[in-house]
Structure formats: structure tokens, C-alpha cells
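Welcome! Here are some short exercises, each with a worked solution, to help you find your way around a structure that is new to you. Have a try at each task before reading on.

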Amino acid sequence: MRSTRVALYDIKSGTFDEVVSKAQSGMVPLFRQSDGFVSYGVARTGKDAFMSFSTWETRAQADAATTTAADWVKTNGQQQFALRE
């Protein structure tokens, strides 16, 4: 059964479009290289907040993507956005 990983982020600097562009050009390619990747999307949830959601073939693959995403954000995005949950 497919699983969807959902993450909530707060924007610390920049615009929603800038942050999403950075994530789509940096994190999404990593997801695409990972086993079980199906899809990725983002949605604005407030003035300075957004959510990302990715779908995976299995729960284990979705869980592994959590680590991939956290590592990428820590290295590339922590000045612009922060994981809320």
C-alpha cells in the first residue's frame, strides 16, 4: 500500500515561491533517485508556512524520505525555512 509523507514548514526568510523553487530543484531530485518515489507536491498553508507531501510505494520508503528531507533542509535550507513537524 502506498504511503504519503507530510511535512509542515515555517518560512524564515524569502518568499514562498523562492523556498518552493529551492526545494523542488534540490530535494526533489534526491527523492526521484530514491526507491519507491511516486510524487511530490507543496501547498501554502499560511503567509509564512507551507507543507510538502510526497508519496511512496511503501511506508518504509516514506520513512526513509523523512531522513533524506531533514538532511537536505539542514544543509541547504535552514536559513530560509524550518521544519515544524
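**Exercise 1. Compare the span of helix H2 with the expected span.**

Solution. Keep in mind that this is a predicted model. Start with the count: H2 contains 19 residues. Next, take the distance from its first C-alpha to its last, which is 25 Å. At 1.5 Å a residue, 27 Å would be expected, so the computed span is close to that value.

**Exercise 2. Work out which residues of H2 are buried and where they sit around the axis.**

Solution. Begin with the list: Ala 62, Ala 65, Ala 69, Trp 72, Val 73 and Gly 77 are the buried residues in H2. They lie on the same side of the helix, because they cover an arc of only 100° around its axis. Then look at what they pack against: S1, helix H1 (16-32), S3 and S4. Finally, turn to the face pointing away from the buried side, where you will find the exposed residues Ala 60, Lys 74 and Thr 75.

**Exercise 3. Find the salt bridge between two residues of H2 and describe both partners.**

Solution. The pair is Asp 63 and Arg 59, whose closest N and O atoms are 3.2 Å apart. Both belong to H2, and they are 4 residues apart, about one turn of the helix. Now check their accessibility. Asp 63 counts as partly exposed because its relative accessibility is 40%. Arg 59 has a relative accessible area of 58% and is therefore exposed.

**Exercise 4. Trace the salt bridges of Glu 57 and Asp 10.**

Solution. First, the total: a search of the whole structure finds 4 salt bridges. In one of them, Glu 57 pairs with Arg 2, with 3.2 Å between the closest N and O atoms. This pair links distant parts of the chain, 55 residues apart: Glu 57 is in the loop between S3 and helix H2 (59-77), while Arg 2 is in the segment before strand S1 (3-11). With 36% relative accessibility, Glu 57 counts as partly exposed.

Asp 10 forms a salt bridge with Arg 84, and here the closest N and O atoms are 2.7 Å apart. Because Asp 10 lies in strand S1 and Arg 84 in the segment after strand S4 (81-83), the pair ties together parts that are 74 residues apart in sequence. Both partners are partly exposed: Asp 10 has a relative accessible area of 29%, and Arg 84 has a relative accessibility of 44%.

**Exercise 5. What surrounds Arg 5, a buried residue with no salt bridge?**

Solution. Locate Arg 5 in strand S1. Next, look for the nearest side chain of opposite charge: this is Asp 63, 7.8 Å away. A salt bridge requires atoms within 4 Å, so this pair does not qualify. Arg 5 does have a polar contact of 3.3 Å with the side chain of Thr 66. Beyond its neighbours within four places in sequence, its contacts include Phe 31, Phe 53, Trp 56, Ala 62 and Ala 69.

**Exercise 6. Is Ala 49 buried or exposed, and what does it touch?**

Solution. Ala 49 is in strand S3 (residues 49-56). Its relative accessibility is 8%, so Ala 49 counts as buried. Not counting residues up to four places away in sequence, Ala 49 touches Tyr 9, Asp 10, Ile 11, Arg 44 and Arg 84. For a last step, compare sequence with space: Ala 49 and Lys 12 are 37 residues apart along the chain, and their C-alpha atoms are 9.0 Å apart.

Notes: Residues numbered from 1 in each chain as written. Predicted model: local features only at pLDDT ≥ 70, side-chain atom pairs only at ≥ 80, totals over all residues. Heavy atoms only, no water. Buried < 20%, exposed > 50% of the residue type's maximum accessible area, 1.4 Å probe, protein only. Contact = heavy atoms within 4.5 Å. Lys, Arg positive; Asp, Glu negative; His and termini not counted. Polar contact = N/O pair within 3.5 Å; in protein donor to acceptor, adjacent residues only side chain to side chain. Arc of directions from axis to C-beta.
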